[in-house]
Each structure stands twice: as C-alpha cells, then as structure tokens.
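Biologist: I'm new to this one. Could you show it to me and walk me through it?

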Amino acid sequence: MTSLTLARPDDWHLHLRDGAMLRAVLPWTVRDFARAIIMPNLVPPVVTGAQAAAYRDRILAAVPDGAQFEPLMTLYLTEDTDPDDVAAAHASGLVKAVKLYPAGATTNSASGVTNFDKVRPTLERMADIGLPLCVHGEVTDADIDIFDREAVFIDRVLDPIRRNTPGLRVVMEHITTSDAVAYARAQDDSLGATITTHHLVINRNHILAGGIKPHYYCLPVAKREVHRLALRDAATSGAPRFFLGTDSAPHTDANKLLPCGCAGCFTAPNTLPILAHVFEAEGALDRLEAFTSRNGPVFYGLPVNTDTVTLTKSPPNLPTHIDTEDGPVTVFDPGFALEWRVS
Ligand code: DOR
Ligand code: ZN
C-alpha cells in the first residue's frame, strides 16, 4: 500500500499551553487534526467555565488564517470545583470533559485532587449529565515505585471511583501498561482509554540505556517492553475502547535539559507519520482510521469528521525542533526513518 485516506483524525489528549508557546505549537496540530481535547493544566489551571471560555477564545485566535480547528475544552477538577458550574459549562456545549489530576502526579497538577471523597458531588453530577472524566491514572505515594503507579491507581482509585459512581463515563488517559490494557478490555463502553504516539514507540530502555535521554521522559513514564507491546496490540486491534490521545506536551529544550527536567514529548508534528509506520509494521494499516478518527468520536458522542487526510508513502519533510519565542522545542524522535507523509 502506498496511499491511505482516513477520515480526518482528532487528538483526544493535547497540551497547547498559552501565549507564545500556544501560537508556535497550534499550527502543527491544526495541519493534521480537526479537533482536540485540550488539557487544562495551565498556570493557573482552567478550573471554571468562564476560564475555559476565555482559553478557547485564545486558542481560536491562534488558529492560522483559513484553517479549521475545534478545541474541545476541559475543566481541571479541584476539591473546590462547583458542580453547578461544571453542569452549566457542559450544557452550553463549551466543555466536553473534566480532567482529574491526582495532586502532584505530573506537570502543573498541584491544584489536583488529594481527597477523592471531596470531588464526589461533582463526579455524581457528571454521571447524571453524561460528561466524561479524563483521568491521569497514577498514584503519587512516595512509597510506590514510579513504574507501578499506574497499576496501583487502577486498583486503589479508579476502580473504586467507577463502582461508587455508576454511569460515570471515564477515559483512562495515556495508558502505559498491560494492566491498564487488560482493565480497559474488561469494561463496558462507559470506559475508554487513550494511547499516545510515543508510548507505542519507546520503552524505558530508550530513556535510560546508553545515557539519559530527557526528551523521552514523560509521565506516565514509559515502562518495560512487554507493556509497549501490549499497547501496540491494543491500539492496532481496532477495538472501540482505544483511541489516540497524543499527550503532545511541549516544553522548551531549556526546561527539558535541566537537573530536574520537565516531563513531556512533543509529537504534534510527526504523530501521523509515526502511527502509519507503527500500524504498517503491525500489519494493521486498515485499522489506523479506527484509532485516529473513529473510536474517539464514538466514545464522546460526536460525529466522525467528514473531511479526510491522505497519507502517502514518501519521506516527510519535518523539523527536528520548532522555534518559539521562549526557545526551541525538540520534536519527538521515534528513532526510525519516517516513510509516510501527510499530503
Ligand atoms: O509527560 C507529561 N507531560 N505528562 C503529563 O501528564 C503532563 C504533561 C505536561 O503538561 O507537560
Ligand atoms: Zn497530558
């Protein structure tokens, strides 16, 4: 196969940041994607409907002239979140999900949740109105090994929340383990799971063997090879439970290459060429569209995009980094030559 036309993809988990960084990174997503679920972990976070409306306006103002892009806004769940504000933001069509960060789990998560009982009224309201909860699924306990934090979260936090809140629609964000794949597979269609581009490509050796590679450091951190293979199996299966959320998370090189560097891989520019490579290697190019373009809209109750993108087998011309007013941002290097371009 040398050409593949897909319904235009969506990105169900994206960090766009704000200001100069937003203006620099957004065009790369707009090139290939029609819509994206926009993460609310700004400083300060996007907590209220009014804040989400203002952020959406800043995003739309940064969309290049003539291009089409729909930001699907989220609210950052805190212990002080007002269920009425969430319901109003949902009813107006502004907000498509609420994001749960366990406090301290990742970048800009300090305002997240420590006591899950305190957010029960909001979760119950979300179950009533059908508003999905997107979950960063890692415990933060210092005594839990960082490579085990996702699996422990499923048992100690995620499954109890779902049992206590019947009807709550949940997205397990950026899953990284065979444990998460198995859990997702065993649930009904009130549960979805996003998988990133980079977790289909790297395992923990890529970060740590032969010298430390800060550009491969993200959260949840990449795990053993057996987990990467489970993710590839899930993503390429076509199963409706699994869909693309790139978690493209730009940080300047100055902020990555520090004694305590930031977590995140910037994959917006080359996600589709990388995914075509991965799905071709797995003999699953016919299931790429389910992962990038069909399963996500079905989960979120939105129409599949009617326009298309065409991938052709020809090396793309993509940058190794992009320049921003804050400094360069390195594009994720998959470690293999890309053979597919978006035409
Ligand atoms: O690697 C990550 N980067 N994981 C997250 O959960 C947050 C993100 C960011 O905002 O940089
Ligand atoms: Zn993220």
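Modeller: Sure, one term to begin with: a polar contact is a pair of N or O atoms within 3.5 Å; within protein, one must be able to donate a hydrogen and the other to accept it, and residues adjacent in sequence count only if both atoms are side-chain atoms. This is a predicted model, where local features need pLDDT of at least 70, side-chain atom pairs count only at pLDDT 80 or more, and totals for chains, interfaces and linings use all residues. Residues are numbered from 1 along each chain as written, ligands are numbered from 1 in the order written, and side-chain values use heavy atoms, without hydrogens and water.

Biologist: How far is a polar side-chain atom of His 136 from an oxygen atom of ligand 1?

Modeller: Other side chains reach ligand oxygens too. For Thr 106 the distance from a side-chain N or O atom is 2.9 Å, and for His 251 it is 2.7 Å. For His 136 it is 3.3 Å.

Biologist: Which cavity does ligand 1 sit in?

Modeller: A cavity is a set of points, on a 1 Å grid over the protein atoms alone, where a 1.4 Å probe fits but cannot get out; lining residues have an atom within 4 Å of a point. Sitting in one takes more than half of the molecule's atoms within 2 Å of its grid points. Ligand 1 sits in the largest cavity.

Biologist: How much space lies in the largest cavity?

Modeller: Volume is the space filled by probe spheres set on the points, which are joined across faces, edges and corners. For the largest cavity that gives about 120 Å³.

Methods. On a 1 Å grid over the protein atoms alone, a cavity is a set of points where a 1.4 Å probe fits but cannot get out, and a pocket is an open set with protein on both sides within 12 Å along at least five of seven lines; lining residues have an atom within 4 Å of a point.
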